[in-house]
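Reader: I would like a close look at one part of this model, the packing around a single helix. Please keep it plain and define the terms as you go.

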Amino acid sequence: MVFRRQGILLPLERSILEVALANDPVGVYGFALAQELAGGAKADRLIAHGTLYKALDRMRRAGLLAATWEDGDAAAAEGRPRRRTYRVTAQGVHALATGGLETPPRRHLGPAPA
Amino acid sequence: MTARPNRPPRLVAWWVERYTATAPEPDGADRRAEVHSDLHEQLAAAARSGVASRRAAMAIGGRTLRGVPADIAWRLGTEMRPGRLEWHLAHPSVLLGFLLVLLVPTSTMLDAAQGSATWLAPASVVLVPLLSILGCCALGFAAVAAGRFLLRRSARPGARGRGWLRRAAVCWMSPSWAAAGLWRFDAEPLEAVAALAWAGFGVAFLVYAVAIVGHLCARFLDLGKLPS
């Protein structure tokens with residue numbers, strides 16, 4: 001288990017920001033992100049569900065990422081469940097450039113950002 | 001033996017449903033939908049690249065297994081979010097059940113080991129008060145929840161019969177577990193009361209176990225359904 005220092009990006013968070021930024025402005029959804037993080041490795045090398053979505057949730061709450069649910073009709077037309085797309089926010093870009101957050105993330109103190 | 005290639009995704013769906021069932025909304029629903037989408041995407045990607053379905057299912061199972069500690073950490077973290085105390089007061093059996101499942105085996109092991117394992121004595125100095133504090137917290141929580149319920153300050157949680165059975169068992173287990181704790185002090189006048197309480201606890205725990213097993217059986221019947 002990695003114990004984070006407040007305001008410092010973890011290697012996984014940095015990688016997620018880099019992938020999301022590379023896919024800007026379209027954004028990236030969970031499984032595609034897992035594939036890109038694995039760098040084309042085999043399926044059994046993909047990042048675990050729990051690790052990935054916990055990190056995404058944490059980063060969204062810290063304001064580094066913005067998440068939007070895809071339109072249900074578009075997903076239904078392709079015969080698949082809706083995707084949740086993540087895009088890097090200005091704060092995320094800044095964190096990536098400086099290697100950390102300007103202020104420590106205030107977790108669980110209010111309603112979650114979208 | 002016939003392989004069931006879609007079994008890991010079903011188990012994944014079951015696991016996600018389990019740890020998000022009592023999570024705050026919309027976080028729980030979002031997590032279920034995200035993992036559901038992820039499972040679909042991974043199976044579709046495997047089919048496109050000609051990977052055997054059994055191998056894809058094993059890969060999904062492995063991803064889930066490796067993520068269990070993070071799932072549990074995430075779920076515990078959600079309990080720190082605003083409004084959780086209110087939610088637990090309206091649904092007391094969830095927290096009480098969790099505490100009792102933690103308390104019962106530990107205190108029973110301590111009781112069983114006290115006579116023979118002298119090495120356990122130093123640990124007991126810490127564990128027994130800790131368990132007592134946890135038990136008192138559970139009792140206090142149950143009292144507050146019951147008070148709020150009686151004062152009708154919270155909505156009566158609607159549930160089917162199995163849910164009520166589980167709640168009733170938990171309500172009886174909490175005081176009987178505390179009363180049975182008196183046994184530790186070997187107080188003569190209280191011994192009969194403590195024995196009775198301990199027996200009552202056993203019955204309530206059995207009822208609780210039956211309710212939980214019934215719930216698991218019901219879940220198993222639709223284990224194959226992915227969350228919609």
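Author: What follows takes that helix, α3 of chain A, with its chain, the core and the contact with the other chain. This is a predicted model, in which local features need pLDDT of at least 70 and side-chain atom pairs count only at pLDDT 80 or more, while totals for chains, interfaces and linings use all residues. Residues are numbered from 1 along each chain as its sequence is written, and chains are lettered from A and ligands numbered from 1 in the order in which they are written.

Chain A has 5 helices and 3 strands; helices (H or I, at least four residues) and strands (E, at least two) are DSSP runs, numbered from the N terminus. Along the sequence the pattern is α-β-α-α-β-α-β-α. The strands of chain A form an open sheet in the order β1-β3-β2, with antiparallel pairing; two strands pair if DSSP finds at least two bridges between them. Its edge strands, β1 (28-29) and β2 (65-69) of chain A, each pair on one side only. Between β2(A) and β3 (residues 84-88) of chain A there are 5 bridges, and A:A66 has A:R87 in β3(A) as its bridge partner.

The helix itself, α3 (49-61) of chain A, is among the elements that each supply at least two residues to the largest nonpolar core. A nonpolar core is a set of buried Ala, Val, Leu, Ile, Met, Phe, Trp, Tyr and Cys residues joined through C-beta atoms within 7 Å. A residue is buried if 20 or more other C-beta atoms lie within 10 Å of its own, exposed if 12 or fewer, and partly exposed in between, with C-beta atoms placed from the backbone. This core has 31 residues, and A:A20, A:L52, A:L56, A:M59 and A:L65 have the most contacts inside it. With 5 residues, α3(A) gives the most to this core. Chain B also takes part, through α1 (7-20), α2 (27-48) and α3 (53-78).

Setting aside neighbours within four places in sequence, A:L52 is in contact with A:G30, A:L33, A:A34 and A:I47; contact means that the C-beta atoms, placed from the backbone, lie within 7 Å.

The contact between the chains takes 18 residues from chain A and 26 residues from chain B. On the side of chain A that touches chain B, α3(A) supplies the largest share, 6 residues. That side divides into 6 nonpolar, 5 polar and 7 charged residues; Ala, Val, Leu, Ile, Met, Phe, Trp, Tyr, Cys and Pro count as nonpolar, Asp, Glu, Lys and Arg as charged, and the others, Gly among them, as polar.

Notes:
Two residues are in contact if their C-beta atoms, placed from the backbone, lie within 7 Å.
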